[in-house]
There are 2 protein chains.
Amino acid sequence: MRLDDRKFLILQAIIDDYIMTAVPVGSRTISRKSGVGFSPATIRNEMSDLEELGYLDQPHTSAGRVPSAKAYRLYVDRLMKSVDVSEEEAGRIHDHLYRRTAQVEEVIREAAQALSDVTHYTAVVAAPRLDGMTVRRIQLVPVTETSALMIVVTSAGMVKDHVIPVPAGVEPDHLYAISKMLTAQLAGHPLSNARDLLIGVFAGLTEHKQLMGSVIRALDQQAQEEGVGSLVVGGRSNLLSYPEYSDVEKAKNFLAVLESREKLAPLLSQTGGVEFAVRIGPEINMPEFADCSVVTATYRVGNNTTGTMGIIGPTRMNYARVVSVLNYMGRTISDLLSGDKE
Amino acid sequence: MRLDDRKFLILQAIIDDYIMTAVPVGSRTISRKSGVGFSPATIRNEMSDLEELGYLDQPHTSAGRVPSAKAYRLYVDRLMKSVDVSEEEAGRIHDHLYRRTAQVEEVIREAAQALSDVTHYTAVVAAPRLDGMTVRRIQLVPVTETSALMIVVTSAGMVKDHVIPVPAGVEPDHLYAISKMLTAQLAGHPLSNARDLLIGVFAGLTEHKQLMGSVIRALDQQAQEEGVGSLVVGGRSNLLSYPEYSDVEKAKNFLAVLESREKLAPLLSQTGGVEFAVRIGPEINMPEFADCSVVTATYRVGNNTTGTMGIIGPTRMNYARVVSVLNYMGRTISDLLSGDKE
DNA sequence: GGTTAGCACTCAACCAAAGAGAGTGCTAAC
DNA sequence: GTTAGCACTCTCTTTGGTTGAGTGCTAACC
């Protein structure tokens, strides 16, 4: 049995309806829809076929049909019509993002908020990955007598800081001189090499060995943290509006995942460099997200740097709209983070 | 009618029981408790009195009694026995907090996590307020050709940064010189005065007027942000375990409040400088928190600087335990943030 | 006079049975 | 190939009865 045009049409109608209502859809409902000129009985025959093909599930005899994960997959891959973001949505996104001067943390926080506001789903935005960037400058700013803030400025104008210990008796001016030396050594090199470069320098040193050790450790730690880097969640409570999460126990498990960076990170990182990725229900491989889909997208900052963001919604989410919103948001963030600062 | 000793005893027994079970408690239950040597009938008479006095509510005839907000108030003010944190709890708090080098953001994040972990309620921790602190150092670090990071180090070793625009053509060394000048001008003065001091300097300037303007604007903005400063929430999903929030609609409203800094900030800020504050149900004056209580505490960093943290739980929360945990956490944070760095 | 046993009464919670409604699958007619 | 008709299925809602915890009152008790 093959999926002919009519089956396509009917499947699409079912998915569209289910996305709106979350109620198993019956043959009469589809038959009444404009565009489908068949009687309920015919629809029923087709639905029976579609079920056999694995595109529909039946919660029980005498309920309507519900799209399966396979159906959503098909929908996303082939049936989905791209939608433009509406004027109003674009406006809301701008309102969020252009509110104040754009520090990275602030931008991704607002982005997450905007995404969840506009889509009514839950949004996760990860800060741009630093490892592809090159170092532009390193500077040590004294904080107390025995500690300093190490500031790393990267090519895309992104900033990362670390508190490091400093041996007592090192003057501020001295720290500045060391900063200039560090900058001279590392500027233009990728951040991921910085550590190794410094180790070379380190060997030839006679003084400040201790301080340099601290700098190297801080760079190490940063590299380590990259995996679970800055991660902002917006619209946690949005998903509770959907009947899928009217069960408190389920809702609780879902929210618990959102609380842990460790569990959340893989959701965003498994994109494999594709611009968009859609993972549907069981494809996510997490029991808490069995009824969820995740749409992730990457955004660019400068030339080599990318960050990831994602929308988490029920499997019956409005994929077309989510993709278009993510698309628009990607462009907006890029403008904001690369344009203004470069 | 007065609250005599026996009524006290019975009320306390009712509250204790209700805190544990969340089920309306009946006369027989209390009568069986050791320490109360009266028959159910006697208890009933007293309960009837307590209801008339406003300490108990009855969900409906023939259900047990439930403590009213007034009862919890009394409990907190007079009946509560102070409890020590257990070894195990103290250990868990330490595990969270001493995990890595202590940057402020990191510490308050872990503190929120630890508090919610240990209490099983929801925790909110606010970063220390900066306005009481004095400036120790200001430094400008170039980021791009037209922007720099302004770093303000305060007396307690706390760091705050801002991106500010810089006129093109200002050399890094030049920025460093300006930083030294700024530091010389402001060091030792309270952060809240910094802006006004600079305006005095500003008038006499011939060059760098533009840059100084940016610095002043950044200080302004920081003062403004102080009100809704950094705020971390932990254990959002914890409250969903309690039967009070088995209603999804309620849970959703509750979570929505936790998402908005603006709504959350007053919860912590209305403490009025007291070390502990307990607000119970209606006293909070937010419909979403009608069944909640909030216990807030301040912690100290250095001499003048304080931050706030709070636990949000059901009105029937275990106040004694929460207060002791907050107490312990306050001391631990203080040690961590002032001790190590001063 | 405070305390307690006894008893009628109330009300949510639980359960089973009945009815309604939506939807299917099959068959026969178009 | 399409559709009308019909018996059948299964959930959801409603209804009514039962249970049990708990109260309030009264009268007896110490």
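**Domains, interface and sheets**

One salt bridge is the count between domain 1 of chain A and domain 2 of chain A. Let me start there and work outwards. A reminder before I go on: this is a predicted model.

Which residues make that bridge? Arg73(A) and Glu283(A), through their side chains. The N to O distance is 2.5 Å. Polar contacts next. Between domain 1 of chain A and domain 2 of chain A, three residue pairs are in polar contact, with both residues at pLDDT 80 or more. Which elements supply the domain 1 side? Helices α1 (5-21) and α4 (69-79) of chain A each bring at least two residues to the side that touches domain 2 of chain A. The biggest giver is α4(A), with five residues on that side of domain 1 of chain A.

Now the domain layout. Chain A is assigned three domains: domain 1 is 5-79, domain 2 is 87-129 + 229-338, and domain 3 is 133-225. Note that domain 2 comes in two segments, and the range of domain 3 falls between them in the numbering. How far apart are the C-alpha centres of domain 1 and domain 2 of chain A? They are 28 Å apart. Nine residues of domain 1 of chain A and 11 residues of domain 2 of chain A take part in the contact.

The area: domain 1 and domain 2 of chain A bury about 880 Å² between them. Carbon and sulfur atoms account for 69% of that. On the domain 1 side of chain A, the residues that lose the most area to domain 2 of chain A are Ile19(A), Tyr72(A) and Arg73(A). Together they make up 51% of what that side buries. So Arg73(A) turns up twice: in the salt bridge with Glu283(A), and in this list.

One more salt bridge in chain A. Across all chains, the structure holds 32 of them. One of these joins the side chains of Asp49(A) and Lys7(A), at 3.5 Å from N to O. This pair links distant parts of the chain, 42 residues apart. Asp49(A) sits in helix α3 (residues 40-52) of chain A, and Lys7(A) sits in helix α1 of chain A.

On to the chain interface. How much area is buried between chain A and chain B? About 3900 Å². Here carbon and sulfur atoms give 51%. The contact draws 42 residues from chain A and 42 residues from chain B. Four salt bridges are found across the interface of chain A and chain B. Arg236(A) forms a salt bridge with Glu259(B), where the closest N and O atoms are 3.7 Å apart. There are also 16 residue pairs in polar contact across the interface of chain A and chain B, both residues at pLDDT 80 or more.

Which elements of chain A give two or more residues to the side that touches chain B? Strands β4 (135-144), β5 (147-154) and β6 (159-165), and helices α7 (172-186), α9 (209-225) and α10 (248-259) of chain A. Strand β4(A) has the largest share, eight residues.

Now the sheets. In chain A, five strands form an open sheet. The order is β7-β3-β10-β9-β8 (chain A), and the pairing is antiparallel. At the edges are β7 (231-234) and β8 (276-280) of chain A, each paired on one side only. On average, neighbouring strands of this sheet are turned by 15 degrees against each other, direction ignored. Inside it, four bridges join β3 (residues 122-126) of chain A to β10 (residues 305-314) of chain A. Take Ala123(A): its bridge partner in β10(A) is Ile311(A).

Over to chain B. Three strands form an open, antiparallel sheet there, in the order β4-β5-β6 (chain B). Its edge strands are β4 (135-144) and β6 (159-165) of chain B, and each pairs on one side only. The average turn between neighbouring strands is 20 degrees, direction ignored. How many bridges join β4(B) to β5 (residues 147-154) of chain B? Eight, and the two strands run antiparallel. Within that pair, Gln139(B) stands opposite Ile151(B) in β5(B). Helix α7 (residues 172-186) of chain B packs on the sheet. It touches β4 and β5 of chain B, and its direction makes about 160 degrees with that of β4(B).

Terms used:
Residues numbered from 1 in each chain as written. Chains lettered and ligands numbered in written order. Predicted model: local features only at pLDDT ≥ 70, side-chain atom pairs only at ≥ 80, totals over all residues. Heavy atoms only, no water. Pairing = 2+ DSSP bridges. Axes fitted to C-alpha atoms, helices over the stretch in contact; angles between N-to-C directions. Domains from an automatic or database assignment. Contact = heavy atoms within 4.5 Å. Buried area = accessible area lost by both parts, 1.4 Å probe. Polar contact = N/O pair within 3.5 Å; in protein donor to acceptor, adjacent residues only side chain to side chain.
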